[in-house]
Amino acid sequence: AKQLLLWHNAETLEDKPVVSGVHGMKLQSATTLLEKAAEVRNPDAMFLLAEMNFYGNWSMPRNYKTAYRWYKELADTHGNHTAQHMVGFMHATGIGGAVKKDQGMALLYHTFAASAGNTRSQMTIAFRYYQGIGTPRNCEEAVYNYQQVALKAIKWWESGPPGGHYLDKHASRLADDKGGVYGEGASVSSTGANRIQQKSSLDNTKDLGDIVDYLELLARKGNLPETISLGKIYYEGSKNLPRNIPKAKEYFKRVAHQYWDSSWKIRPGSPQYLEKFAGRAAGHLGHMALRGEGGPQDFVMAQRWFRLGVACGDANSQTGLGLMYYNGLGVKEDRTKASKYFKAATTQDFPVAQVNYAKILLDNNSIDQAKRYLELAARHGNVEAFFWLAEINNNAIAEGRSCGIATAYYKIVAERIEPIQSPMAWANAAYRSGDLESALIGYLMAAEQGYESAQANVAYLLDPKRSALPFETLQSYLTPASASISPEASASAARNEHLALTYWTRSAKQANVDSLVKMGDYYLSGIGCEPDPAKAASCYNAAAEHQASAQALWNLGWMHENGIGVSQDFHLAKRYYDQAFETNPEAYLPVALSLLKLRVRAFWNSITNGGVNGIGPDPKKKQVTFREFLRNWYEAARNDGDVEEQQGQQTLPEGYGNYEEEVEDWDEDFAESLVILVLAGVIAALVYYRQWRAQRQAREAADNQAAGRGAAGAVPGNAAAGNGGNGNGNPAAGLNDGGLWGEPQMPGWGMPH
């Protein structure tokens, strides 16, 4: 039985077994025995046969129709909730053509499975009620089912070491590894702020190995920031770098031992800046000892590291010591001391401390204050903060309750704590190994449960327009003209396209802008649906809102240029092309070429008296004279005064009489401002006149000096001194030395210097 249970687990497969021979004979014999047991309604035999046929194996090909038969029989005869979940999943997706898609049947079987406690079905029907898929939207049903999953998830998380199980993140988009759906620079996920975020994230860094090597080089030279960073990288891990607790511990200890000696005393002569880094290292080492990471769990060692870190002002250490007092770990339980340490760490915006301090406030019924701390922690993505915010919003009385917010927070908790229900880890492993069919099944399951990244992955894998020349197109060039596509293959391709559009749509509804643009592409080209340019334009407009997608803006420009789905308007087309460039400067070349073509078409339209709205000249700004400026200023000031007077009469309490007098005196203030403006103008004119006069005198003196050189007899050196010179025959030297203000370092405005 143990051996047979592995047939559905693709991660356990290593070598490709041979179907024929002894192994094939054993497999055939085992299958025959299971079928005989299943015929007499043995639930274990029916379940194993269903799993073997659905998940398959290198030696057991998939047969979705047979799998559906056994799942349905097991669900109908024994009420097995796993079988009910699988029947619902197959009706929802129509996978493999085993059964016709029927969202009503899918909801029915998922409801049965959810009522029996099946976690995946609970998430599925919660998402369906949340989005209105196959049923009207119902927030109460959605929040109830998401709460059931969130309660299980948080219970599992709390069952781990102090501080909860470490959560690996497997939910990610396949397209993001290649720069997004449209490639690097063209997708929203790889442009603007998203591009900066991707570059700073270790999950999406392509050159992570080079970064780690560089940090290790700096760490060997004794650079403390890089040493701490390496410890955190190895401790937290990422999609591209597994966790390495021993290495993380090594780097943290390297920093700590530079500040404390073997007797836990500060080394003499330690620089002041070392204290901060040593405190951080002590906090991480304390948590490792508290959680039993990199060695046995040791509360005494944890407390020692935490106290050293607290002395350095480290928030992580303060939180760790607070956890020990809060839960009585190695010390006597003391909520007062715990509260003190948590409160100290919250001043440094440390999310774990904010959550734990909020829990103490909730115990004391200080809900509003606790909510503020939880919202601060939620900014950092703390999963426990989202859970307690969901509980507060769901259990609040009267108008304080928010079903929608509670549903959203419960959904985050359910999706973040993946191990209890998510198939994403299995799907990612299958994708990396090249088993695309298993990967697609895993992503489909997660997509039905509401994972946006899984929905984008399903659509991405099924997308027939992933490249400029898809394999199917290339294949058509290589296939003789006489060869034709079979009706079965054509029907399968149509189902895939429709399924891709379905999941692009669901992903777009969860704020994926690239998926929204893809929806527009499908409606424009009629992929998986009838062509509908108007719907395509609506999708592009939504994606272009707030200039989020340069691709959508360019598409709108093209549609207005050609009058497809929207009115033909060259002026609007140019505006959208310009906005595409403003949104993403990398779109310079396509925008420049499009504008060139547009101007040619607009020129032809104008000389042929076409009926399309032309580009038109760029608007010219009207020149405003000084008199018009003053008049506009005067009118604006009067209007502002009237508005202030009206606001003062409406909002100020009775008896505040001086306010109306001040508002009525606005004209006196304006007169004062006008006088100041005139005086400033007079001063500027005087300064300009003085400069002009000084320059004229300098030119006259230079002319006289030049004329004097040609005359007989030399002019004595002191003769020029009385004409503004300095006695050396240079009449401008006095100005150059002292400048206009008599200071050597401030030469005159407009004077040569």
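**Exercise 1. A nonpolar patch**

In which helix does Leu-593 lie? Work out how this residue fits into the surface of this predicted model.

Solution.
- Step 1. Place the residue. Leu-593 belongs to helix α29.
- Step 2. Check its cover. Leu-593 has 53% relative accessibility. Exposed means over 50%, so Leu-593 counts as exposed.
- Step 3. Find its partners. Phe-581, Tyr-588, Leu-589 and Leu-593 make a nonpolar surface patch of about 430 Å².
- Step 4. Ask which element gives most. Helix α29, residues 588–607, supplies the largest share of the patch, with three residues.

**Exercise 2. Two helix pairs**

Describe how α18 packs with α19, then do the same for α27 and α28.

Solution.
- Step 1. Choose the quantities. The angle between the axes and the distance between them describe two packed helices.
- Step 2. Take the pair α18 (residues 383–395) and α19 (residues 403–416). Their axes come within 8 Å and cross at roughly 150 degrees.
- Step 3. Classify the angle. Over 145 degrees counts as roughly antiparallel, so α18 and α19 are roughly antiparallel to each other.
- Step 4. Add the hand. The crossing of α18 past α19 is left-handed.
- Step 5. Repeat for α27 (residues 550–562) and α28 (residues 570–583). Here the axes come within 8 Å and cross at roughly 165 degrees. α27 and α28 are therefore roughly antiparallel to each other. Their crossing is left-handed.

**Exercise 3. Salt bridges between separate parts**

How many salt bridges does a search of the whole structure find? Locate the ends of the Glu-437 to Arg-62 pair and of the Arg-243 to Glu-293 pair.

Solution.
- Step 1. Take the total. The search finds 23 salt bridges.
- Step 2. Start with Glu-437 and Arg-62. Their side chains meet in a salt bridge at 3.7 Å, N to O.
- Step 3. Place both ends. Glu-437 is in helix α21 (residues 436–448), and Arg-62 is in the loop between α2 (43–55) and α3 (64–78), so the pair ties together parts 375 residues apart in sequence.
- Step 4. Check cover. Glu-437 is partly exposed at 39% relative accessible area. Arg-62 is partly exposed too, at 22% relative accessibility.
- Step 5. Move to Arg-243 and Glu-293. This salt bridge spans 3.7 Å, N to O.
- Step 6. Place these ends. Arg-243 sits in the loop between α10 (224–236) and α11 (245–259), and Glu-293 in the loop between α12 (274–291) and α13 (299–311), so the pair ties together parts 50 residues apart in sequence.
- Step 7. Check cover again. Arg-243 is partly exposed, with a relative accessible area of 28%. Glu-293 has 13% relative accessibility. Buried means under 20%, so Glu-293 counts as buried.

**Exercise 4. A salt bridge within one helix**

Are Glu-415 and Lys-411 buried or exposed? Explain how their side chains can meet.

Solution.
- Step 1. Give the contact. Glu-415 and Lys-411 form a salt bridge at 2.6 Å, N to O.
- Step 2. Count along the helix. Both residues lie in α19, four residues apart, about one turn of the helix.
- Step 3. Apply the helix geometry. An α-helix has 3.6 residues a turn, so residues three or four places apart point the same way.
- Step 4. Check cover. Glu-415 and Lys-411 are both buried.
- Step 5. Contrast with a network. Salt bridges also link Arg-128, Glu-448 and Arg-506.

**Exercise 5. Positive phi in loops**

Where are Arg-41 and Asp-349, and what is the phi of Arg-41 and of Asp-349?

Solution.
- Step 1. Take Arg-41. Its phi is near 65 degrees, a positive value in a residue other than glycine.
- Step 2. Place Arg-41. It lies in the loop between α1 (21–39) and α2, and counts as partly exposed at 41% relative accessibility.
- Step 3. Take Asp-349. Its phi is near 60 degrees, again positive in a residue other than glycine.
- Step 4. Place Asp-349. It lies in the loop between α15 (335–346) and α16 (351–363). At 30% relative accessibility, Asp-349 is partly exposed.

**Exercise 6. A covered helix**

How many residues of helix α22 are buried?

Solution.
- Step 1. Take the helix, residues 452–462. Ten of its eleven residues are buried, so α22 is mostly covered.
- Step 2. Name some of them. The buried residues include Glu-452, Gln-455, Asn-457, Tyr-460 and Leu-462.

Note on methods: Residues numbered from 1 in each chain as written. Predicted model: local features only at pLDDT ≥ 70, side-chain atom pairs only at ≥ 80, totals over all residues. Heavy atoms only, no water. Patch = residues over 30% accessible without salt bridge, like charges linked within 9 Å, V, L, I, M, F, W, Y side chains within 5 Å. Areas by Shrake-Rupley, 256 points an atom, 1.4 Å probe, with all protein chains shown as cover. Salt bridge = Lys/Arg side-chain N within 4 Å of Asp/Glu carboxyl O. Buried < 20%, exposed > 50% of the residue type's maximum accessible area, 1.4 Å probe, protein only. Axes fitted to C-alpha atoms, helices over the stretch in contact; angles between N-to-C directions. Parallel < 35°, antiparallel > 145°, perpendicular 65-115°, else oblique. Left-handed = near helix turned anticlockwise from the far one by under 90°.
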